[in-house]
Amino acid sequence: MLLIYSNPESWAGLSAEQREALGRSHLELSRELTEQGLLVSSAGLADPITTRTVSVRDDIPTTTDGPYAEAKEHLAGFYLVECENIDQAIEYAARMPDAKYVAVEVRPVMDSSGLEM
């Protein structure tokens, strides 16, 4: 999974042309990954202000507004790709325009196919 991170400062610092170029780059990369049969899913995530964090303590659920962690960066979107190895995933992450502004994290998805339900 390629996890895209952003922060308000990096986004605010982009010109309208840079934002449009970033969007076009994502469309081009999505098209390429789809054509190669590697793209499983991708999505941008809503602004962190719409986030709700849920925790359960002593069987009592509580909900707070916003992300749980106090951090400048937030998870802005993801690509779930079927890569041959971690190096191929890293190559695609490095091509994402977001890697130039904040970061793209590469994290393997755990295989839970052997778990019984």
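Two strands are taken to pair if DSSP finds at least two bridges between them. In this predicted model, the strands β1 and β5 run antiparallel and are joined by 5 bridges. Within this pairing, Y5 has L75 of β5 as its bridge partner, and L3 stands opposite F78 in β5. The strands β2 and β5 are likewise antiparallel, with 5 bridges between them. Here A43 is the residue that stands opposite F78. F78 of β5 is thus placed opposite L3 and also opposite A43.

These pairings belong to an open sheet of 4 strands, in which the order is β2-β5-β1-β6 and the pairing is antiparallel. β2 and β6 (residues 103–106) form the edges of the sheet, each pairing on one side only. From one strand to the next, the twist averages 20°. The helix α3 lies across β1 and β6, and runs at about 165° to β6.

Analysis of the empty space in the model identified a largest pocket with a volume of about 390 Å³. Its lining comprises 25 residues, and those nearest the centre of the pocket are I4, S6, W11, A76 and D98. At least two lining residues are supplied by each of β1 (2–6), α1 (8–12), α2 (16–35), β2 (39–44) and β5 (74–81). The greatest contribution to this lining is that of β5, which provides 5 residues. In terms of residue class, the lining of the largest pocket consists of 15 nonpolar, 8 polar and 2 charged residues.

The second largest pocket encloses about 280 Å³ of space. It is lined by 14 residues, with M1, V81, C83, P108 and V109 lying nearest its centre. Both β5 and α3 (86–95) supply at least two residues of this lining. The lining of the second largest pocket divides by class into 10 nonpolar residues, 1 polar residue and 3 charged residues.

The sheet and the pockets can also be considered together. The strand β5, which is bridged to β1 and to β2, supplies at least two residues to the lining of the largest pocket and at least two to that of the second largest pocket. The helix α3, which lies across β1 and β6, is likewise a contributor of at least two residues to the lining of the second largest pocket. The edge strand β2 supplies at least two residues of the lining of the largest pocket.

Terms used
Residues numbered from 1 in each chain as written. Predicted model: local features only at pLDDT ≥ 70, side-chain atom pairs only at ≥ 80, totals over all residues. Heavy atoms only, no water. 1 Å grid on protein atoms, 1.4 Å probe; cavity = no way out; pocket = protein on both sides within 12 Å on 5 of 7 lines; lining within 4 Å. Points joined across faces, edges and corners; volume = space filled by probe spheres on them. Nonpolar A, V, L, I, M, F, W, Y, C, P; charged D, E, K, R; others polar. Axes fitted to C-alpha atoms, helices over the stretch in contact; angles between N-to-C directions. Contact = heavy atoms within 4.5 Å.
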